[in-house]
Amino acid sequence: MQTLDNAKSPPAAIKPLDQSVVARLKRIPTAYFAFWVIAAICLVALLSWMGFSLCPYSFDQTSTDFLAGPSSQHLMGTDELGRDLLSRIVYGARLSIAIGLTTAAVAFVIGTLYGAISGYFGGKIDTLLMRGVDIAYSLPDLLVMILIGVLLGRGTLGILIALGLVSWMGTARLVRAQFLQLKNEEFIEAARAQGQSGLNIVFKHLLPNAIGPIIVALTFTVPSAILSESTLSFIGLGLSPPACSWGTLASDGWRSLRAHPHLIFFPSLFIFMTVLSFNFLGDGLRDALDPRTRLGKTVK
Amino acid sequence: MIALILKRVLLAIPVLLVVASLTFVLVRIVPGGPFDADKNLPPEIIANLNAKYHLDKPVPEQYFLYLGRLAQGDLGVSYKYVNRTVNDILSDAFPVSLQLGTISLTLAVMIGVPLGAIAAVCRGRREDVIAMFLSTLGISVPGFVIGATLIFVFAIELRVLPVGLWESPWHVVLPAVTLAFSPAAYLARLTRASVLEIVEKDWVRTARSKGLSQWSTVTKHILRNSLIPVVTVLGPLTAIVITGSFVVEYIYAIPGMGRFFITAVMNRDYDLILGTTLVFAVLLIVANTFVDVAYQILDPRMRLED
């Protein structure tokens, strides 16, 4: 029994890191900073969703101060109905962040299940399932999203389903590749020899060992979903008013680019900051999870 | 090689059939029809219009009618652009999008590949940090923000470049640059990763130890080999450019396929939606086939396996 227990430990290539991932992440300044930026934006979105008023104005409160530029009263100016832009951006954060995170969650569940089935069984099932992914991949994301989004109506739910449907393929491919690679390792063989069930092997042995790259991939799914939503809203096929996300705000601002550039500048800035932070965090996580990266030393 | 291309062409037919069928079903389920926007039309006229375009027939019959016409290369008629066939519209719009896409892709390769190579060769140094910061920036900015910024600076403030339409070569500059941004950033990241992998190979050490200069080692031994994965992303890159073209053609009012697709979706212009979707699918299949062929030419090991 002793030897079998030893055999269960992960193979050398994915040996547990000598430091925790968080400790390693701290040594990548851009990623660590990005982590706190994301935490702050998520906190603001959460507090706003819970009903705390974080701004002096409500998001739909109109005033006679139409299209004012940034001032001490309205830090980011006002729109054509005199609504405070900062308050609208804070309000819009909920939808933008929620869409990003939900899409990643959907991609995780569908992608992992699909990829796990494909990679675990292999053979004909694998070929068939992967052919399906190939076909799904053979269309541009935005095109599929537009078609599905229009079909389901331009509400939040429609956008979420559309985004979820185009976001899981990458995760599925990744999970499948990881499983194919891992399932021939000795510790899986040992688990089989112990007579463990297939489900047990998938969820207790294969998935935990494949989780690193999956998390990295999901970290990149969030920003791409936020970008896709804003792009859809921008070309007028996304959320429709009164729903308010960073994408719809930027889209409104686009129409008055010439006269009032602040209306597109600030929402875009927030989209950009959030997406950039997630991308830096993803890069950092990938390096932190990779035992080959030597942190803190100059690599020649 | 020819066998491979033939195999790909044969495989493309079922894929296109699936794409056509799915899109057909999708557009018919979508609430609203092509003549809804014209609110003042009396019901008799709408009935006549529906009869003229066979839209009064049951959906399965419409589907087989469509497939029959498709087999003859007829993509149908537009319901909005009166008296224009989809083939007619697409043969005008496709060259515009192709031009824009090719110019942008070329631009992206010319910027992205050197940027990534420089970053990898100078790994960990200032050049690397700057190049990677720029490329992360590039994948983080939405296309419409780049477009808005460029328009604001070059067309509104400086007034040096025209915006909108597709007339002189000057009209190409801003859209092409906007569209090139994210593929360039994507390529830079990919090239860097690929070069870093190659740098550690034994034969690179051999090249260095036999006294080759840094320049020769990089250009002859490292870059050439690390370009293989770069060529293989041409497929995904084409998809990125197509996605980008929706936004860019919308912003700059370019009469390309992306713009026609968006207006067709808004107008429920069934045949035009299907036609553009199919052309996009064909484009991606062609790009992927090209990648497979290029792969075989670039990497002799692939030929032996086949």
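Q: Before the interface, what counts as two residues being in contact?
A: Two residues are in contact if their C-beta atoms, placed from the backbone, lie within 7 Å. The model discussed here is a predicted one.

Q: How many residues does each chain put into the contact?
A: Chain A supplies 34 residues and chain B supplies 35 residues.

Q: On the side of chain A that touches chain B, which elements give two or more residues?
A: Those elements are helix 6 (141-151), helix 9, helix 10 and helix 11 of chain A. Helix 11 of chain A has the largest share of that side, with nine residues.

Q: How do the residues of that side divide into nonpolar, polar and charged?
A: On the side of chain A that touches chain B, 25 residues are nonpolar, six are polar and three are charged.

Q: What does the secondary structure of chain A come to overall?
A: Chain A has eleven helices and zero strands. Of its 300 residues, 44% count as buried.

Q: And what share of its contacts comes from residues 24 or more positions apart?
A: Among the contacts in chain A with a separation of 6 or more, 69% join residues 24 or more positions apart.

Q: Moving to chain B, what span should helix 6 have?
A: Helix 6 of chain B covers residues 143-157, so at 1.5 Å a residue its 15 residues should span 21 Å. Its end C-alpha atoms are 20 Å apart, which agrees with that expectation.

Q: Where is the kink in that helix centred?
A: The kink in helix 6 of chain B is centred on Ile151(B) and amounts to about 30 degrees. Ile151(B) is also one of the buried residues of this helix; the others are Gly143(B), Phe144(B), Val145(B), Ile146(B), Gly147(B), Ala148(B) and Leu150(B).

Q: What do those buried residues pack against?
A: In chain A, the buried residues of helix 6 of chain B pack against helix 9 (198-234), helix 10 (246-254) and helix 11 (262-289). In chain B, their partners are helix 7 (170-199) and helix 10 (234-251).

Q: Which residue takes a positive phi just after helix 6 of chain B?
A: That residue is Arg159(B), with a phi of about 55 degrees.

Q: Different topic: where is Met110(B), and why is it classed as partly exposed?
A: Met110(B) belongs to helix 4 (residues 86-121) of chain B. Met110(B) is partly exposed because 13 other C-beta atoms lie within 10 Å, whereas a buried residue needs 20 or more and an exposed one has 12 or fewer.

Q: How far is Met110(B) from Ala184(B)?
A: Their C-alpha atoms are separated by 8.1 Å, although the two residues are 74 residues apart along the chain.

Key. Residues are numbered from 1 along each chain as its sequence is written. Chains are lettered from A and ligands numbered from 1 in the order in which they are written. This is a predicted model: local features need pLDDT of at least 70, side-chain atom pairs count only at pLDDT 80 or more; totals for chains, interfaces and linings use all residues. Helices (H or I, at least four residues) and strands (E, at least two) are DSSP runs, numbered from the N terminus. The expected span of a helix is 1.5 Å times one less than its number of residues. The bend at a residue is the angle between axes fitted to the seven residues ending there and the seven starting there. Ala, Val, Leu, Ile, Met, Phe, Trp, Tyr, Cys and Pro count as nonpolar, Asp, Glu, Lys and Arg as charged, and the others, Gly among them, as polar.
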